[in-house]
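Visitor: Hi! I have a protein structure to look through and could use some company. Can we go over it together?

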Amino acid sequence: MKFKTRLLVTSIFIIVAPLLLTAIAFMGIGIYMVNSEQDFSLPGKNYTSFAYTLENYNQMTEEVLIEVKEQLAKDSSLVEDLVYLEEINDDLMNKSSYIIVRKNKEIFYAGNIDAAEKIFLKLPEYGSDIPNGERGYYYHDMKKLVRQLDFVFFDGSEGSFFIITKVSTLISRTMLIDMVLAFILILIFTSMVMTQWIQKGVFVPVNQLNTAMQNIAEGNLEYRLSSDGKGEIGELYRNYEDMRLRLKESLDEKFEHEKQNRELISNISHDLKTPITAVKGYVEGIMDGVADTPEKMDKYIKTIYNKANDMDRLINELTIYSGIDNNRIPYNFHRINVADYFGDCVEEVGLDLESKNIQLNYEDLVSPETQIIADPEQLKRVINNIISNSVKYLDKANGIIDIRILDEVDSIRVEIEDNGKGIAAKDLPNIFERFYRTDASRNSSQGGSGIGLSIVKKIIEDHGGYIWATSKEAEGTCMHFVIRKYQAPEQEEVEA
């Protein structure tokens with residue numbers, strides 16, 4: 001749930017829930033009062049709404065009424081004692097009541113004269129149906145409850161002892177206490193419900209997210225958070241997961257990059273050590289006079305030269321790898337003629353292969369005017385790297401390398417095939433990866449940096465082409481790469 005919706009629900013709940021629960025509580029208290037009703041009614045009178053209040057009144061004034069009744073039984077003249085009556089009235093004042101003593105048709109005593117004058121004429125006659133005031137009279141218009149006790153004065157006059165109670169005051173006080181308690185309980189309940197809801201919907205997810213971020217800060221990128229929520233919390237969880245996965249991917253790439261760099265340094269160090277050792281050996285041979293004939297001296301010098309070229313090649317590969325790693329290979333694209341360019345390459349490569357007793361076959365099946373857009377130097381590096389790789393793994397006495405240029409309608413396809421030892425099917429998908437070597441033993445005669453074919457793949461892809469390999473073990477390997485033809489604009493074709 002979104003925070004905006006959650007706040008709206010919270011606001012509505014805070015207003016509606018207490019009001020609704022308060023209404024329910026009011027109804028519940030009313031029902032309880034009705035169920036607790038005592039029989040205070042007279043014919044034609046209705047006390048249902050005040051049943052619980054009358055019961056309270058009955059308890060509060062019953063003791064006074066019994067005391068007066070007992071005193072009258074002993075000595076009716078005591079009711080004529082105004083001091084006694086004042087004491088009784090003072091006691092009842094704290095109970096929202098006062099007394100009236102009637103003698104014949106006149107007020108003999110009134111605890112509240114103003115109120116007594118308003119109700120006096122409405123008081124029941126002497127000797128009414130209610131025996132000894134066990135029941136009461138309720139006056140709706142004045143909200144007064146009256147209990148009556150008849151007696152006879154010392155001089156024989158008819159007398160009545162009345163206890164008048166302000167029923168509305170009793171109701172207000174009782175209801176106020178009950179409703180305040182009910183409202184406090186309602187507020188506590190509402191607060192608990194909303195606190196639990198907010199805690200579950202906001203604080204718990206935020207704490208979980210905080211824990212997750214602490215794990216990230218400590219380097220633990222495996223701590224996952226999953227949520228199906230559609231609000232801000234759900235978005236935060238998903239953003240955290242995206243961040244975690246990207247950080248993990250970045251860290252994995254960093255570790256892999258560091259591993260590759262260490263492997264490159266190890267490979268280059270190993271491969272440089274072999275020619276350097278050979279150069280040192282031959283130089284020491286010359287210095288010690290071992291090359292004591294012109295033929296030996298010429299052999300030693302050529303060997304030193306070849307080993308220096310090997311070191312130069314390794315250093316060049318390292319330079320190219322650095323350019324690939326930083327995506328900064330320098331390109332100088334030109335429009336070149338396929339037949340002329342590959343003819344020159346084959347002628348140049350052929351001399352080197354001839355010196356190594358390797359047969360080179362060349363076949364050009366594209367039209368003479370076919371052109372491509374390419375960097376001549378980088379494309380030559382591709383051809384040289386592929387052929388060098390083929391030469392490295394030739395294991396037959398009669399080595400053969402075939403170069404074919406094929407027409408693919410809007411592209412040309414170059415195939416460079418050898419009859420070497422081939423590549424195992426399990427290794428074939430990985431040969432264009434950096435530092436991947438099929439010769440795990442690192443035979444010094446075949447060892448390399450492991451980045452030659454990755455450089456080839458990068459250059460071909462930067463030319464907008466693609467490369468792949470096919471191979472059979474013990475039969476040979478064929479490298480295929482495709483480059484799009486140059487398509488002349490229509491204006492140039494018309495002018496031509």
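Visitor: Let's start with α3. How far apart are its end C-alpha atoms?

Guide: Happy to help! This is a predicted model. Helix α3 covers residues 82-93, and its end C-alpha atoms are 16 Å apart. That agrees with expectation, because 12 residues at 1.5 Å a residue should span 16 Å.

Visitor: Which residues in α3 are buried?

Guide: Tyr 84, Leu 85, Ile 88, Asn 89 and Leu 92 are buried in α3. Looking down the axis of α3, you find these buried residues within an arc of 135 degrees, so they line one face of the helix.

Visitor: And what is exposed on the other side of α3?

Guide: There you find Val 83 and Glu 87, which are exposed.

Visitor: What happens at the start of α3?

Guide: A side-chain oxygen of Asp 81 comes to within 3.1 Å of the backbone nitrogen of Val 83.

Visitor: New topic: His 463. Where is it found?

Guide: His 463 is in the loop between α10 (452-462) and β11 (466-472).

Visitor: Is His 463 buried or exposed?

Guide: His 463 counts as buried, because its relative accessibility is 11% and the cut-off for buried is under 20%.

Visitor: What does His 463 touch, then?

Guide: Leaving out residues up to four places away in sequence, His 463 touches Tyr 331, Phe 333, Ile 373, Ala 374, Asp 375 and Gln 378. In addition, a polar atom of the His 463 side chain lies 2.8 Å from the backbone oxygen of Ile 459.

Visitor: Now the backbone. What is the phi of Asn 357?

Guide: Asn 357 has a positive phi of about 60 degrees, although it is not a glycine. You can find Asn 357 in the loop between α8 (338-355) and β7 (358-364). Asn 357 is exposed, with a relative accessible area of 64%.

Visitor: And what about the phi of Ala 474?

Guide: Ala 474 is not a glycine either, yet its phi is positive, about 70 degrees. Ala 474 sits in the loop between β11 and β12 (476-484) and is exposed, at 53% relative accessible area.

Visitor: Last thing: what is the mean pLDDT of the chain?

Guide: The mean pLDDT is 79, and 80% of the residues reach 70 or more. Over residues 37-52 the pLDDT is below 50, and this stretch has 37 contacts in the model beyond near neighbours in sequence. Residues 440-445 also have pLDDT below 50, with seven such contacts.

Visitor: How should I read coordinates where pLDDT is low?

Guide: Where pLDDT is low, the predicted coordinates should not be read in detail.

Methods. Residues numbered from 1 in each chain as written. Heavy atoms only, no water. pLDDT = per-residue confidence, 0-100. Contact = heavy atoms within 4.5 Å. Helix = DSSP H or I, 4+ residues; strand = E, 2+ residues; numbered from the N terminus. Buried < 20%, exposed > 50% of the residue type's maximum accessible area, 1.4 Å probe, protein only. Polar contact = N/O pair within 3.5 Å; in protein donor to acceptor, adjacent residues only side chain to side chain. Expected span 1.5 Å × (residues − 1). Arc of directions from axis to C-beta.
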